[in-house]
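Student: I've got a model to go through and I'd like to work it out piece by piece. Can we pull it up and start with the terms?

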Amino acid sequence: MKKFVTAVMLLFLLFSIFPSLVAGAAAPPTPALYLNGKPLQSSAEPMLIGQTTFVPIRTISEGLGFSVGWKSPNVTIFNGETSMQLTISSKTALVDGQKAALSAPPVIKQSLTLVPLRFVGEQFGLSVYWDQQTKSVFLYQKAASPPAAGAGGSNTSPGAPNDSSSNGNSSVPGGGSDSGSGTNGGTSVPADGSGGGNADVPDANGDTVQLKGIQYDGLSSVYLPYAGDAPQVKTQVLTNPDRLVIDLPDTAFAADFSPSFTMTGTLMGQILIDSHPTLKGIRYSLYSDNPSTIRVVFDLSAPTQYNVVNDNGALRVDLLGATGPATPPVVPASDKPPGAYKIVIDPGHGGKDPGALAVNGRNEKEYNLALALKVKALLDKEPMLQGYLTRTDDTFVELDDRAKFANDLKADVFISLHGNSIDKSSVSGSETYYCRPDSVNLANIMQKHLVMGTGFPDRSVRQANFVVIKKTTMPAVLLESGYLTNPGDASVMFDDAKQEKIAEQIVAGIKEYLNLT
C-alpha cells in the first residue's frame, strides 16, 4: 500500500511539473503564408509536420487560384500551363507527365487533404522562402524572363536571391526572379544619384563596406546606413512582378546589422511595408561571397520612379510614386493683393494611399484632408495670406508633384499635414519635421502652436529627409499632429471642434512666422 501511495504521489508530481508528459507535446505552430508580400487568403490553415509545411488543397485553389481536382487517392493541380498529379502517401508525383520525387508525400490529416507547399510552389514557378524566426512562408512569383548570363556566377551563396534550385535550403526571397536584366540592364549608378553610365568606383582602401541596417522612414525613403567609404551601387528595374533590385558589391553585413535574422547560415530577411502607395516590401540577403555582395530587393505594386543618393553616411533610396502622367492641382484665381503671401497646405496621402490606420478604424488621409480644408478656410479670411491645397478631395498626388506645385507657384511657406503612428499605443504627442536650415525657424514656431492646438505632449522639432520638405525650395515643414495609434490622440484628431482649434493655431503660427501678428 505504501508503495502504491508513493507511486501515485510521484505521478502527481510529474504531472504538476511536466504536464506535457501527460497531455502530450505542444502542437507545432501554424505557419503564416504570404504571396508576393501579402497574406495568402484561404479558409483552411496550413500545417507544419516535421520540417515540412503542408497546405490543404483548398489553399492551392483559393489562395493561388489554381484548378484542383480530388479523386482518392489522387490530387490533380493545373495552373493553365503546368499539370501535376500527386498521390496520397506516395513520394512520386507526375509533373506534365514526368515523374518527380517529393521529400514528403501528400497526406490526409484531420479530414484535410494536405500537399507539401514547397514542392507544389516550385514546380509551378513560385519561389518559396521559409522564415524560421516568425514561422512564416513567403511565396514569390518569378519573372518570365530568364536570368541574365553570368548573374551571380558560381560564387553565389545559398541565400542569394537568384538561386532557383529546389534544394530545401536554397529558396529565398525572390528566388531566381531578381537576377534578370531589367530596364537599366544592370547599369552602374553612382552613389550620388547622378545617373547611370559611369563606371563603378571601388573602395579606395580595398576594404569591405559594412551595411549597418535598412530603415524605412514611413513616407517615401529607405535608408541604408553604412560604415566605411561610400559603397558601389548597381541597380536593375525588373517586371512581372515589378521590383527594384540594388546590388552593393564589396559590401558585407555589419555585426550589429538591424533588422536581421539568420537562415541556413546566411543573413537575410524581409520587411513588409503597408504605408507606401507602391512599395510592398524590402528583401535582402548576401547575394555573393566572392566578392561579398549584398542584394536589396524592393517589391513594388507598380512601376515606380526612384532615386539613389548618398546622404550623410547612408544610401537613401527615394521611391517617388508610380510612373505615369501626373495630375497637378488646380491653382485657383487669387483675389488677394499682389503682396499677399502664398501658403501651400499639403494634406498627406490620399486616394489609393490611405496613410496610417487609426485605432478607431479611420485612415490618416481623412484627418489630413479635414484639417487642411479648415486651415484653407481660415487662410481665405486673412487679407495677406493666399492659401493653396495640393489636393482638395480624396485623390492621390505624387510626392514630387506636391513639391513641384509649391515650387512652380513660388510659394512662401509649405506645410504638410500628417498623423503619426507607432506600434505602442501609449505613445502620444505632436512633432514637427524640417529638412533644410532655412526651415528651422518656421519649424520651431509651428511646433509651439501645434502643441497649443492639440494639447498633446511636446515631442519636439526634428530633422528628416521627407520628400515634400526636402524638394520644396521655400521654408517647409511637416506637422505630425498626434499619434493615430493612441486612443486619446485619435479621439481629439477626429473631433471636428478640435480640428478647428488645431487649424486656428496653424494659421496663427504662419502669421507669427511672417510677422503678420
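Tutor: Sure. This is a predicted model, and one term comes up right away: a residue is buried when its relative accessible area is under 20%, and exposed when that is over 50%.

Student: Which residues of α10 are buried, then?

Tutor: We apply that under 20% cut-off to the helix. An α-helix has 3.6 residues a turn, so residues three or four places apart point the same way. The buried ones in α10 are Gln499, Ile502, Ala503, Gln505, Ile506, Val507, Gly509, Ile510 and Tyr513.

Student: What distance should α10 span, and how far apart are its end C-alpha atoms?

Tutor: α10 has 18 residues, and the rise is 1.5 Å a residue. The expected span uses one less than the number of residues. That gives 26 Å for α10, and its end C-alpha atoms agree, at 26 Å.

Student: Which residue's side chain reaches a backbone nitrogen at the start of α10?

Tutor: The backbone nitrogen belongs to Ala497. A side-chain oxygen comes to within 3.1 Å of that nitrogen, and the oxygen is from Asp495.

Student: Which residues touch the most other members of the largest nonpolar core?

Tutor: In soluble globular proteins, nonpolar side chains tend to be buried together. Here the largest such core has 35 residues, and the ones touching the most other members are Ile345, Ile415, Ile506 and Ile510.

Student: Take Ile510: what does it touch, leaving out residues up to four places away in sequence?

Tutor: Contact here is heavy atoms within 4.5 Å. With those sequence neighbours left out, Ile510 touches Ile343, Ile345, Leu379, Leu385, Ile415 and Met446.

Student: In what order do the strands of the 6-stranded open sheet run?

Tutor: The pairing in this sheet is mixed. β27 and β30 each have a single partner strand, so they stand at the edges, with one side of each left without a neighbour. The twist averages 20° from one strand to the next. The order is β27-β26-β28-β31-β29-β30.

Student: And which residue is the bridge partner of Thr432?

Tutor: β29 covers residues 430-434 and pairs with β31, residues 476-483, in the antiparallel sense over 3 bridges. The partner of Thr432 sits in β31, and that is Leu479.

Student: What angle does α6 make with β26?

Tutor: α6 packs on the sheet and touches β26, β27 and β28. Its buried residues include Phe405 and Leu409. Angles run from 0 to 180 degrees between N-to-C directions, and for α6 and β26 the value is about 175°.

Notes: Residues are numbered from 1 along each chain as its sequence is written. This is a predicted model: local features need pLDDT of at least 70, side-chain atom pairs count only at pLDDT 80 or more; totals for chains, interfaces and linings use all residues. Side-chain values use heavy atoms; hydrogens and water are left out. Buried means under 20% relative accessible area, exposed over 50%, partly exposed in between (1.4 Å probe, protein chains only). Helices (H or I, at least four residues) and strands (E, at least two) are DSSP runs, numbered from the N terminus. Two strands pair if DSSP finds at least two bridges between them. A nonpolar core is a set of buried Ala, Val, Leu, Ile, Met, Phe, Trp, Tyr and Cys residues joined through side-chain atoms within 4.5 Å. A polar contact is a pair of N or O atoms within 3.5 Å; within protein, one must be able to donate a hydrogen and the other to accept it, and residues adjacent in sequence count only if both atoms are side-chain atoms.
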